Amino acid sequence: MLLSCDKYWACVEGLAELRTCGNGLAFIDDEREEYKVEQCEELHLVECGARTQLEPAISSTNCPRLWGTFEDPEDCGVFWSCQDGKANRWVVVVRLDSGAL
């Protein structure tokens, strides 16, 4: 049993091959039919359970890890979507509808 949340075994031509998800992603270890193919997802979306180990973080500007969605440490209205270490800035827009109250 692997203790790492970002590693998994893949069967390649009958041989077991250890693979690692992208930095900031975790392996979805789920037996449900929709997860029968190997899938890695952002860390906060995966239930790692006892699989507590992760590869060391590789960071870049505004990206604590190469892949994932991260809050801005100085502005709660901004978050960063990181793909392979390239950060895309997203601004949260709160719209208040006066008729909703």
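1. A strand in this note is a DSSP run of E at least two residues long, and strands are numbered from the N terminus. With that in hand, leucine 96 is easy to place: look in the segment after strand S7, which spans 86–91. Keep in mind that the model is predicted.

2. Start with the hairpin. Strand S1 covers residues 7–12, and strand S2 covers residues 15–20. The two strands run antiparallel. How many bridges join S1 to S2? Six bridges do. To find one facing position, pick tryptophan 9, which stands opposite leucine 18 in S2.

3. Now check the turn. Two residues lie between S1 and S2 in this hairpin. Glutamate 13 sits in the turn, and its phi is positive, about 50°.

4. Next, the disulfides. A search of the whole structure finds three. Count the bonded cysteines along the chain, and the pattern reads 1-4, 2-3, 5-6. The next three points take the pairs in turn.

5. The first pair to visit is cysteine 5 with cysteine 48, whose sulfur atoms are 1.8 Å apart. The disulfide is left-handed because the torsion about its S-S bond is about -75°. This pair links distant parts of the chain, 43 residues apart. Cysteine 5 belongs to the segment before S1. Cysteine 48 belongs to the loop between strand S4 (40–42) and strand S5 (68–71). Is cysteine 5 buried or exposed? Its relative accessibility is 1%, so cysteine 5 counts as buried; the cut-off for buried is under 20%.

6. Cysteine 21 and cysteine 40 make another disulfide, with 2.0 Å from S to S. About the S-S bond the angle is -70°, and the link is left-handed. Again the pair links distant parts of the chain, here 19 residues apart. Cysteine 21 lies in the loop between S2 and strand S3 (25–27), and cysteine 40 lies in strand S4. Compare the two ends. Cysteine 21 has a relative accessible area of 7% and is buried. Cysteine 40 has 29% relative accessibility, so it counts as partly exposed.

7. The remaining pair is cysteine 63 with cysteine 82, their sulfur atoms 2.1 Å apart. The torsion about the S-S bond is about -95°, so this disulfide is left-handed. The pair links distant parts of the chain, 19 residues apart. Cysteine 63 is in the loop between S4 and S5, while cysteine 82 is in strand S6, residues 78–83. Cysteine 63 counts as buried because its relative accessibility is 1%. Cysteine 82 is buried too, with a relative accessible area of 2%.

8. Two further cysteines deserve a look. Why does cysteine 11 count as exposed? Because its relative accessibility is 64%, and exposed means over 50%. Cysteine 76 has a relative accessible area of 82%, so it is exposed as well.

9. Turn to the salt bridges. The structure holds two. In one of them, lysine 7 meets glutamate 55, and the closest N and O atoms are 2.6 Å apart. Lysine 7 lies in strand S1 and glutamate 55 in the loop between S4 and S5, so the pair ties together parts that are 48 residues apart in sequence. Lysine 7 is buried, since its relative accessible area is 19%. Glutamate 55 is partly exposed, at 31% relative accessibility.

10. Glutamate 17 and arginine 19 also form a salt bridge through their side chains, at 2.8 Å from N to O. How exposed are these partners? Glutamate 17 has 35% relative accessibility and counts as partly exposed. Arginine 19 has 26% relative accessibility and counts as partly exposed.

11. Finish at the nonpolar patch on the surface. Which residues form it? They are Val92, Val94 and Leu96, with about 350 Å² of accessible area together. Leucine 96 opened this note, in the segment after S7. Its relative accessibility is 79%, so leucine 96 counts as exposed.

Technical notes: Residues are numbered from 1 along each chain as its sequence is written. This is a predicted model: local features need pLDDT of at least 70, side-chain atom pairs count only at pLDDT 80 or more; totals for chains, interfaces and linings use all residues. Side-chain values use heavy atoms; hydrogens and water are left out. Two strands pair if DSSP finds at least two bridges between them. Helices (H or I, at least four residues) and strands (E, at least two) are DSSP runs, numbered from the N terminus. A disulfide is a pair of cysteine sulfur atoms within 2.5 Å. Buried means under 20% relative accessible area, exposed over 50%, partly exposed in between (1.4 Å probe, protein chains only). Patches are made of residues with over 30% relative accessible area and no salt bridge: like charges are joined within 9 Å, nonpolar side chains (Val, Leu, Ile, Met, Phe, Trp, Tyr) within 5 Å. Accessible areas come from the Shrake-Rupley method with a 1.4 Å probe; for residues, only the protein chains shown count as cover. A salt bridge is a side-chain nitrogen of Lys or Arg within 4 Å of a carboxyl oxygen of Asp or Glu.
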